[in-house]
Amino acid sequence: FFFSSRRRHTRSLCDWSSDGCSSDLANLFRANLREANLQSVNFAWANLQEVRLSCANLSGVNFFEANLRQALLREVDLEGANLEKLDLMGAKLSNSNLRKANLQGANLQGANLRHVDFRGANLSEANLTDANLEGANLMDTNLEGTILRNTNVYEAIFKLEPDSHCSQISEDNQSPFSLSRGRSEEHTSELQSHSDLVCRLL
């Protein structure tokens, strides 16, 4: 299997490691990259729709504005990766490591994010409408402007900073439900799906 990029060179999969290689604008539609070592590869603007990347090492990868709709990314390592404005609509990322990843403005609508580790990640302005966050760990995560409409956050773990506020907005925008901070500032949510959440810094 070969990658092709706009730089008009090809390299075998085993050569794509952390040596500054790039596959930006690559078309990898439905490619099978399961368990591949793709650490620090540049996938900016790439078409990775329906790609299979389960158990792959993607730490430090650049997925800026890439298309990963319906992609299979179970148990992947995306620690510190740049996922800004990435399209992950309908993707499956259960049990993945996204610690300290940048997901600012990412599209995660309908994504399966069960038990994902988001600790220290940036989810500001991300859209998680209809996503499944059951059991996800969002401690120390930036949720400013994050859209959590109809999102399942059952047993998800939040850590709310002193100046942050997360509220459930009813259909008439009345009587918001605030996620309260306990003594340890940890919160395990028991909210089910069909809730509208807007997180913002005050």
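Select Phe63 to start: setting aside its neighbours within four places in sequence, Phe63 is in contact (heavy atoms within 4.5 Å) with Phe43, Ala44, Leu48, Leu58, Leu68, Leu78, Asn82, Leu83, Glu84 and Leu86. The model is predicted, so local features need pLDDT of at least 70 and side-chain atom pairs count only at pLDDT 80 or more, while totals for chains, interfaces and linings use all residues. Residues are numbered from 1 along each chain as its sequence is written, and side-chain values use heavy atoms, with hydrogens and water left out.

Next, add Leu58, Leu68, Leu73, Leu103, Leu113 and Phe118, which together with Phe63 have the most contacts inside the largest nonpolar core, a set of 50 residues. Such a core consists of buried Ala, Val, Leu, Ile, Met, Phe, Trp, Tyr and Cys residues joined through side-chain atoms within 4.5 Å, where buried means under 20% relative accessible area, exposed over 50% and partly exposed in between (1.4 Å probe, protein chains only).

Now turn to the salt bridges (a side-chain nitrogen of Lys or Arg within 4 Å of a carboxyl oxygen of Asp or Glu), of which the whole structure has seven. Select Arg30 and Glu50, whose side chains meet at 2.8 Å, N to O; Glu50 is partly exposed, at a relative accessible area of 28%.

Move on to Arg69 and Asp87, paired at 2.6 Å, N to O; here Arg69 is partly exposed at 33%, whereas Asp87 counts as buried at 17%.

Finish with Asp117 and Arg99, whose closest N and O atoms are 2.8 Å apart, and then add Glu79 and Arg119 to display the network of salt bridges that links these four residues.
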